[in-house]
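Grab the coordinates and a coffee: here is a short set of exercises, each with a worked solution. Try each task before reading on.

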Amino acid sequence: MPILFKKSKQLESGIESYLDFVIRGGLLFKEGIKYYLTEDRKAFQEHLDDLDDLESEADTLRRDIENMLYEHTLIPEHRGDVLGIIENTDEVINVTAESLMQFSVEQPSFPEKYHQQIRNLADASVSASDEIVSAIRAYFKEVSRVRDSINKVLFYEKEADKIADKIKRAIFQSDEIPELAEKMHIRDFIVKIEGISDTAEVVSDRLGIAAIKLSI
């Protein structure tokens with residue numbers, strides 16, 4: 001029996017649906033990056049539009065969840081932690097959508113030799129956000145499993161850091177990109193992709209504390 005959902009199946013359904021948005025957002029982001037790198041602008045724009053719509057739907061659902069927690073006085077002893085977790089997780093969706101939007105706005109150019117590394121970075125960064133979803137689901141249903149998922153979040157965040165650092169070093173040492181401004185522009189977008197995993201790590205910090213409190 002879920003620990004925190006005993007009083008409301010509606011709340012359970014809302015949070016499960018919200019977490020599904022995080023997973024879908026990550027998939028749209030990875031596919032969007034793939035289509036951007038292959039210069040399939042139509043497919044890229046479709047994924048960007050879908051991600052923008054998803055972000056809006058997620059915001060609406062987040063507000064509904066917050067209203068349920070306050071108006072129906074659900075899980076009052078853990079309400080603050082749950083609200084904090086949901087709000088932090090919302091930032092993961094926001095960062096994901098904002099990052100892909102900036103590709104459309106600024107149109108960065110990446111030398112083809114870095115394309116696979118950029119895809120690897122997107123995979124690692126999104127894997128961190130996927131694992132934070134698993135950690136949150138464990139928090140509500142089987143809190144003893146939270147630590148395992150948080151360790152996976154941290155693993156993928158470190159992997160994203162390593163890949164990002166490798167790309168940035170290669171770019172700034174490359175003679176193929178002569179202009180410093182162009183190198184810095186590419187660097188900025190590497191940081192944007194990496195930012196998804198960094199944001200997931202922030203959620204994991206909050207979630208780890210909440211899980212300890214729930215276990216006491």
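**Exercise 1.** Work out whether phenylalanine 172 is buried, partly exposed or exposed, and which surface patch holds Phe172.

*Solution.* Keep in mind throughout that this is a predicted model.
- Step 1: find the residue. Phenylalanine 172 sits in helix H5.
- Step 2: check its relative accessible area. The value is 33%, so phenylalanine 172 is partly exposed, given that this class runs between the 20% and 50% cut-offs.
- Step 3: look for nonpolar partners. Phe172 shares a nonpolar surface patch with Leu180 and Met184. Together the three have about 260 Å² of accessible area.

**Exercise 2.** Describe the largest pocket: how much space is in it, which residues line it, and which helix gives the most?

*Solution.*
- Step 1: take the volume. The largest pocket holds about 150 Å³ of space.
- Step 2: list the lining. Going along the chain, you meet Val143, Ser144, Val146, Arg147 and Ile150, then Ser204, Gly208, Ala211, Ile212 and Ser215.
- Step 3: map these onto elements. Helix H5 (146-173) and helix H6 (180-215) are the elements that each give two or more residues to this lining. H6 gives the most, with five residues.
- Step 4: sort by class. The pocket lining splits into five nonpolar, four polar and one charged residues.

**Exercise 3.** Now do the cavity search: how many cavities of 30 Å³ or more turn up in the whole structure, and what lines the largest cavity?

*Solution.*
- Step 1: count. The search finds one cavity of 30 Å³ or more.
- Step 2: take the volume. About 40 Å³ of space lies in the largest cavity.
- Step 3: read off the walls. Phe21, Val22, Gly25, Gly26, Leu54, Val92, Ile93, Thr96 and Ser129 line this cavity.
- Step 4: map them. Helix H1 (9-37) and helix H3 (79-106) each supply at least two of the lining residues, and H1 has the largest share, with four.
- Step 5: sort by class. You get five nonpolar, four polar and no charged residues.

**Exercise 4.** Find the total number of salt bridges in the structure, then say where the partners of the pair lysine 30 and aspartate 123 lie.

*Solution.*
- Step 1: recall the idea. Side chains of opposite charge can pair when their charged atoms come close.
- Step 2: count. A search of the whole structure gives 14 salt bridges.
- Step 3: take the pair. Lysine 30 and aspartate 123 meet through their side chains at 4.0 Å, N to O. Lysine 30 is in helix H1 and aspartate 123 in helix H4 (residues 115-141), so this pair links distant parts of the chain, 93 residues apart.
- Step 4: check exposure. Lysine 30 is partly exposed at 24% relative accessibility, and aspartate 123 is partly exposed at 36%.

**Exercise 5.** Why does the salt bridge between aspartate 81 and lysine 213 tie together parts far along in sequence, and is each partner buried or partly exposed?

*Solution.*
- Step 1: get the distance. The closest N and O atoms of aspartate 81 and lysine 213 are 3.1 Å apart.
- Step 2: place the partners. Aspartate 81 belongs to helix H3 and lysine 213 to helix H6, so the bridge ties together parts 132 residues apart in sequence.
- Step 3: compare accessibility. Aspartate 81 is buried, at 10%, while lysine 213 is partly exposed, at 44%.
- Step 4: put another pair beside this one. Arginine 187 and aspartate 188 meet in a salt bridge at 2.9 Å, N to O. Aspartate 188 is partly exposed at 34%, as is arginine 187 at 24%.
- Step 5: look for a network. Salt bridges link Glu16, Asp20, Arg137 and Lys141 into one.

**Exercise 6.** Which loops hold glutamate 39 and glutamine 107, and what are their phi angles?

*Solution.*
- Step 1: place them. Glutamate 39 is in the loop between H1 and H2, and glutamine 107 is in the loop between H3 and H4.
- Step 2: read the backbone. Neither residue is a glycine, yet phi is positive: about 60° for glutamate 39 and about 50° for glutamine 107.
- Step 3: check exposure. Glutamate 39 is exposed at 62% relative accessibility, whereas glutamine 107 is partly exposed at 42%.

Terms used: Residues numbered from 1 in each chain as written. Predicted model: local features only at pLDDT ≥ 70, side-chain atom pairs only at ≥ 80, totals over all residues. Heavy atoms only, no water. 1 Å grid on protein atoms, 1.4 Å probe; cavity = no way out; pocket = protein on both sides within 12 Å on 5 of 7 lines; lining within 4 Å. Points joined across faces, edges and corners; volume = space filled by probe spheres on them. Nonpolar A, V, L, I, M, F, W, Y, C, P; charged D, E, K, R; others polar. Patch = residues over 30% accessible without salt bridge, like charges linked within 9 Å, V, L, I, M, F, W, Y side chains within 5 Å. Areas by Shrake-Rupley, 256 points an atom, 1.4 Å probe, with all protein chains shown as cover. Buried < 20%, exposed > 50% of the residue type's maximum accessible area, 1.4 Å probe, protein only.
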